[in-house]
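Q: I have just opened this one and I'm not sure how to read it. Could you take me through a few features, one at a time?

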Amino acid sequence: MVVGTLVALGACPKMITEPNYTLTLAPSATSLFVGDSTRLVATLRDGSGTIVSATFTWTVDNVSVAQVDSTGLVRGVSPGSVAVQVTARGQTASASLQVTPDNGQVLTVSPTAASILVDGTQRFTAVLKDRNGNTIPSTPTWSTSSSAVATVDNSGLVRGVGPGSATIQAKVGTLLAAAAVNVAVRANTVVFVGAGDIASCSSSGDEQTASLLDNISGTVFTVGDNAYDNGTAAEYANCYSPSWGRHKGRTHPAAGNHDYQTPGASGYFGYFGAAAGDPTKGYYSYDLGGWHIVVINSNLPTAVGSAQEQWLRADLRDHPSLCTLAYWHHPRFSSGGEHGNDDAMQPIWQALYDGGAELILSGHDHIYERFAPQTATGQLDASKGIREFIVGTGGAGLYSIGTIKPNSEVRNNQTKGVLKLTLYADHYDFQFVHVSGASFTDSGSGSCH
């Protein structure tokens with residue numbers, strides 16, 4: 001008979017997996033005069049990028065040159081170079097420190113931080129000053145902590161290479177200064193193409209411009225007066241639908257005055273449905289690539305304080321995009337001999353100007369016209385002004401050109417066609433595409449504010 005001890009068996013203990021941590025130290029390179037102090041900042045993040053608390057252990061590799069306390073405060077002791085190291089939860093990060101005699105010189109880099117896109121650029125400058133704040137001529141040596149994220153040339157021009165963060169460092173003699181750069185990926189490029197004043201059963205112009213759309217991919221816009229003469233349901237079915245209607249599924253329309261010659265623009269709203277927005281408003285917005293797009297109904301009140309103007313300002317606040325485009329039928333500025341400027345659109349233009357918009361597209365005058373960037377009152381403004389295109393060339397008969405308005409750069413009233421915009425994350429290209437047999441074109445590019 002064997003006598004033993006009975007041992008209760010319990011559940012196996014759970015294996016606890018330590019999360020992946022990333023430890024960073026900022027700045028990654030700095031300089032001190034003997035006797036001066038600076039604080040280095042250690043940050044520990046978990047695998048999701050969330051900052052977590054930890055106990056940091058600080059060391060330097062030569063205490064005769066510099067010393068560091070438990071909070072990351074470093075003090076220069078004597079001239080020389082040291083590496084400051086911090087550890088936490090099995091992770092280690094380090095920074096280089098140059099300690100120099102106090103000759104009163106200070107090196108700074110500007111800006112101290114910047115965000116750019118892949119293939120985008122940012123110039124950094126390094127300035128050396130004496131104790132009295134006077135600039136000392138110098139030629140800094142530039143370097144980057146990660147050439148896979150950003151490169152820097154001898155002039156301090158940084159170019160984004162891949163997404164991530166890098167430290168850009170300038171060195172003059174034994175002095176070091178650094179700046180941070182974050183690089184993001186550009187949004188996908190999108191094509192935006194269209195025109196206004198389009199379809200009439202008595203003209204073949206709409207079919208000529210529709211055939212251009214057949215060979216251009218992307219999103220289609222209209223800037224009003226889509227079906228002549230009165231925007232009835234029958235005119236949409238018999239005139240617009242056989243031509244531009246081939247692209248209805250990718251079209252975001254705007255309404256014109258001829259559309260409202262049918263009460264409530266019921267033919268327009270009935271044809272386009274939800275794509276035209278709330279039929280009691282007719283104004284709406286959407287995002288396209290990295291751009292915010294606003295559609296205005298210039299047939300409704302646009303005065304300061306009107307429902308539409310207040311909606312627009314709220315919409316722009318809620319969508320603080322780098323690049324914004326708006327379109328509607330009646331142009332704020334026009335050299336067209338039939339209609340010309342429409343002062344009623346000034347409050348809308350002002351709201352867009354205040355919101356940093358780049359482009360406005362309109363029709364109504366059956367011409368093509370491009371304006372230089374300008375304010376709501378028509379003042380040339382290259383830095384913040386909005387560029388306007390009139391594209392009343394969608395198929396209806398063309399109009400004359402009257403008095404040339406200030407800041408008008410290009411005009412044509414002999415050619416039907418569409419405006420093709422290629423929208424990038426921070427800029428745009430434009431091209432007027434003419435119908436078969438014509439020769440006029442216009443092209444160029446611009447940057448977002």
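Q: Which strands each supply at least two residues of the lining of the second largest pocket?
A: Before we start, keep in mind that this is a predicted model. To read a pocket lining, ask which elements its residues belong to. Here β2 (29-33), β10 (106-110) and β19 each give at least two residues to the lining of the second largest pocket. The largest share, 5 residues, comes from β2.

Q: How many residues line the second largest pocket, and which lie nearest its centre?
A: There are 16 lining residues, and Thr-30, Ser-31, Val-106, Leu-107 and Leu-176 are the ones nearest the centre. The space in this second largest pocket is about 280 Å³. Sorted by class, its lining has 11 nonpolar, 4 polar and 1 charged residues.

Q: What volume does the largest pocket have?
A: About 370 Å³. It is lined by 17 residues, with Leu-25, Ala-26, Ser-165, Thr-167 and Ala-180 closest to the centre. You can read the strands off in the usual way: β1 (22-26), β4 (41-45), β18 (164-172) and β19 (175-184) each put at least two residues into the lining of the largest pocket. The largest share there, 5 residues, is from β19.

Q: How many residues of each class are in the lining of the largest pocket?
A: The lining of the largest pocket holds 9 nonpolar, 7 polar and 1 charged residues. β19 is a good strand to find on your screen, as it gives at least two residues to the lining of the largest pocket and also at least two to that of the second largest pocket.

Q: Let's move on to sheets. In what order do the strands of the 3-stranded open sheet come?
A: For a sheet, read the strands by who sits beside whom. The order here is β3-β7-β6, with antiparallel pairing. β3 (37-39) and β6 (66-68) are at the edges with a single partner strand each, so one side of each has no neighbour in the sheet. From one strand to the next, the twist averages 20°.

Q: Which residue in β7 is the bridge partner of Gln-67?
A: That's Arg-75. Zoom out a little and you'll see β6 and β7 (residues 73-76) paired in the antiparallel sense over 3 bridges.

Q: What about β28: which strands does it pair with, and in what sense?
A: Follow the direction of each neighbour. Strand β26 (residues 359-362) runs parallel to β28, and 4 bridges join the two. Strand β27 (residues 368-371) pairs with β28 in the antiparallel sense, over 3 bridges. For landmarks, find Ile-360 opposite Glu-388, and Glu-369 opposite Ile-390.

Q: How many residues of β28 are buried, and which way do they point?
A: In a regular strand, side chains alternate between the two faces of the sheet. In β28 (residues 387-391), Arg-387, Phe-389 and Val-391 point one way, while Glu-388 and Ile-390 point the other. As for cover, 5 of the 5 residues in β28 are buried.

Q: How many disulfides are there?
A: The count comes to 2 disulfides. To read the pattern, number the bonded cysteines along the chain: they pair 1-2, 3-4.

Q: What does the disulfide of Cys-201 and Cys-239 tie together?
A: Start with the atoms: the two sulfurs are 1.9 Å apart. The link of Cys-201 and Cys-239 is left-handed, with -105° about the S-S bond. Cys-201 lies in the loop between β20 (190-195) and α1 (205-213), and Cys-239 in helix α2 (residues 233-240), so the disulfide ties together parts 38 residues apart in sequence.

Q: Are Cys-201 and Cys-239 buried or exposed?
A: Look at each one on its own. Cys-201 counts as exposed because its relative accessibility is 52%, and the cut-off for exposed is over 50%. Cys-239 is buried, with a relative accessible area of 6%.

Q: Where do Cys-323 and Cys-448 lie?
A: Their sulfur atoms are 2.0 Å apart in a disulfide. Cys-323 is in strand β25 (residues 323-327) and Cys-448 in the segment after β32 (442-447), so this pair ties together parts 125 residues apart in sequence. The link of Cys-323 and Cys-448 is right-handed, with 115° about the S-S bond. Both Cys-323 and Cys-448 are buried.

How values were computed. Residues are numbered from 1 along each chain as its sequence is written. This is a predicted model: local features need pLDDT of at least 70, side-chain atom pairs count only at pLDDT 80 or more; totals for chains, interfaces and linings use all residues. Side-chain values use heavy atoms; hydrogens and water are left out. A disulfide is a pair of cysteine sulfur atoms within 2.5 Å. Buried means under 20% relative accessible area, exposed over 50%, partly exposed in between (1.4 Å probe, protein chains only). Two strands pair if DSSP finds at least two bridges between them. On a 1 Å grid over the protein atoms alone, a cavity is a set of points where a 1.4 Å probe fits but cannot get out, and a pocket is an open set with protein on both sides within 12 Å along at least five of seven lines; lining residues have an atom within 4 Å of a point. Grid points are joined across faces, edges and corners, and a volume is the space filled by probe spheres set on the points. Ala, Val, Leu, Ile, Met, Phe, Trp, Tyr, Cys and Pro count as nonpolar, Asp, Glu, Lys and Arg as charged, and the others, Gly among them, as polar. Axes are lines fitted to C-alpha atoms, for helices over the stretch in contact, and angles run from 0 to 180 degrees between N-to-C directions.
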